[in-house]
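Reader: Please show me how to read helix packing and metal sites in a model of this kind.

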Amino acid sequence: MLRALALVLTLLAVALAAPSAAADRPLTLLISIDGFRADYLDRGVTPVLSRLAEAGARGAMRPSFPSKTFPNHYTLVTGLRPDRNGIVENNMEDPAIPGVTFRMSNRDAVRDRRWWDGAEPIWVTAEKAGIPTAPYFWPGAEAAIHGVRPRYWVKFDMDTPNAARVDQVLAWLDLPPAKRPRFATLYFDTVDTAGHDYGPESAEVNAAVAGVDAQIGRLIEALEARGLAANLVVVADHGMAALSEARKAYMDDILPKAAYRSLAGGAFMTIYPAKGREAEVDRALIAAHEHFQCWRKAEMPGRFRYGRNPRVAPYFCLAQTGWALTTRNYRPSNPERGAHGFDPASAEMAAVFIAQGPAFRAGVRLADFNNVSVYPLLARLVGVAARPNDGELADVAPALK
Ligand code: AMP
Ligand code: ZN
Ligand code: ZN
């Protein structure tokens, strides 16, 4: 009898010491608020997120280069910088995929796994381990990366109201336990849009921030009502810098339009020399310019960790933070008052980070860190082995219990 009891106690001790099976772990919910600059959290318009930060950890993240949406979303879920994860820009070309320009608005390209196969996002690793995932609206979620689709996903539709986004994730969480996602994401773009249209210091940005804050409040209440334990990780892909009509630099002042093609303008321009104009382009770009600087792709500053990928344009011209690099005939109907894509080291590009839930300590303020370190944290929370990556769990470890 006593020996039987001892055996039961031993087995119990072993079971408690073993890493809990994925199914017993709390849900990992990764929430991206596009363009939520780190300091928006201190504007007094985020009752929910501020409470979350107090009950957990907060910090400011440096985005990876370039500080744009698709590259950084893929970095967050792979731990690899854009040059290594293959999503080197929102707009790009690949010599191995001729005749196609990858753009966020190119639905076929966004769903084509060849653009994404250079890395493995955490939901693919989780699915391979039998963990159901739901990367709602996350860039890459529409592609069968490495041949694996997330169990739950929907086509991106910018017109989906924020409340409906929350409702969709809750609907998946209402499935029977065995079918429920154990890793899910949410994505909100209203803060980024307001930042571009009105600038980071605008009342419109504060209203958009408050709107997303309220939806996250609804989500948390709904999780509590269902008794669902969740580790919440709230991130942004980049911040936002104010632009001005007085801070414009013009490429046509140094190079005729016929000499090159570009797939991006604003915080930076990517430059593809026209056939036969290579020497002229090189001479014009590789010189001193007042409010921007250009590099040959192989000679980008080391701290950007950028330029080896075949998808990177031959020349990259980066504007001084707050300046727009454009052309004289570019006159959009709504001039941009905010932009990102600038040097990730500038304070305006810093992105918010908040983590709260059973895995996290309360009241932690992390030192600024590179956003590549979110991935090893996610792997730890989800319960899968992190694949080789550029991050350091140590950056976020002080937040963990
Ligand atoms: P950016 O200016 O780099 O911050 O890009 C932000 C824009 O990307 C937003 O207006 C979003 O609507 C758009 N976007 C975000 N996710 C996706 C997606 N999965 N597919 C297409 N467009 C997206
Ligand atoms: Zn973005
Ligand atoms: Zn944006």
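Reader: Which residues of helix 8 and helix 9 meet?

Author: Contact means heavy atoms within 4.5 Å. Here T190, V191, A194, G195 and Y198 of helix 8 meet E204, V205, A208, V209 and V212 of helix 9. Helices are DSSP runs of H or I with at least four residues, strands are runs of E with at least two, and both are numbered from the N terminus.

The model is predicted, so local features need pLDDT of at least 70 and side-chain atom pairs count only at pLDDT 80 or more, while totals for chains, interfaces and linings use all residues. Residues are numbered from 1 along each chain as its sequence is written, chains are lettered from A and ligands numbered from 1 in the order in which they are written, and side-chain values use heavy atoms, with hydrogens and water left out.

Reader: At what angle do the axes of helix 8 and helix 9 cross?

Author: Axes are lines fitted to C-alpha atoms, for helices over the stretch in contact, and angles run from 0 to 180 degrees between N-to-C directions. The axes of helix 8 and helix 9 cross at roughly 180 degrees and come within 8 Å. Helix 8 is therefore roughly antiparallel to helix 9. Angles over 145 degrees count as roughly antiparallel, under 35 as roughly parallel, 65 to 115 as roughly perpendicular and the rest as oblique.

Reader: How do helix 7 and helix 9 cross?

Author: The axes of helix 7 (residues 162–173) and helix 9 (residues 203–225) come within 10 Å, crossing at roughly 20 degrees. That makes the two helices roughly parallel. The contact involves N162, A163, V166, D167, L170 and L173 of helix 7, and V212, Q215, R218, L219, A222 and L223 of helix 9.

Reader: Now the metals. Which residues are the protein donors of the zinc ion (ligand 3)?

Author: Donors are N, O and S atoms within 2.8 Å of the metal (3.2 Å for Na, K and Ca); water is not among the atoms, so sites may look incomplete. For the zinc ion (ligand 3) the protein donors are D192, listed twice through OD, H196 (NE2) and H340 (NE2), at 2.0 to 2.4 Å.

Reader: Why is the arrangement around the zinc ion (ligand 3) irregular?

Author: Four donors are tetrahedral if all angles lie between 85 and 135 degrees; four are square planar and six octahedral if opposite donors are over 155 degrees apart and all others between 65 and 115; anything else is irregular. Around the zinc ion (ligand 3) the arrangement is irregular because the six donor atoms subtend angles of 56 to 164 degrees. H196 lies in helix 8 (residues 190–198) and H340 in the loop between strand 13 (338–339) and strand 14 (351–356), so the pair ties together parts 144 residues apart in sequence.

Reader: Are H196 and H340 buried or exposed?

Author: Buried means under 20% relative accessible area, exposed over 50%, and partly exposed in between (1.4 Å probe, protein chains only). H196 is buried at 16%, and H340 is buried at 4%.

Reader: What coordinates the zinc ion (ligand 2)?

Author: D34, listed twice through OD, T69 (OG1), D237 (OD) and H238 (NE2) coordinate the zinc ion (ligand 2), at 2.0 to 2.7 Å. The site is irregular, with angles of 54 to 161 degrees among six donor atoms. D34, in the loop between strand 1 (27–33) and helix 2 (47–54), and H238, in the loop between strand 5 (230–235) and strand 6 (241–242), are 204 residues apart. Both D34 and H238 are buried. The zinc ion (ligand 2) is 4.1 Å from the zinc ion (ligand 3).
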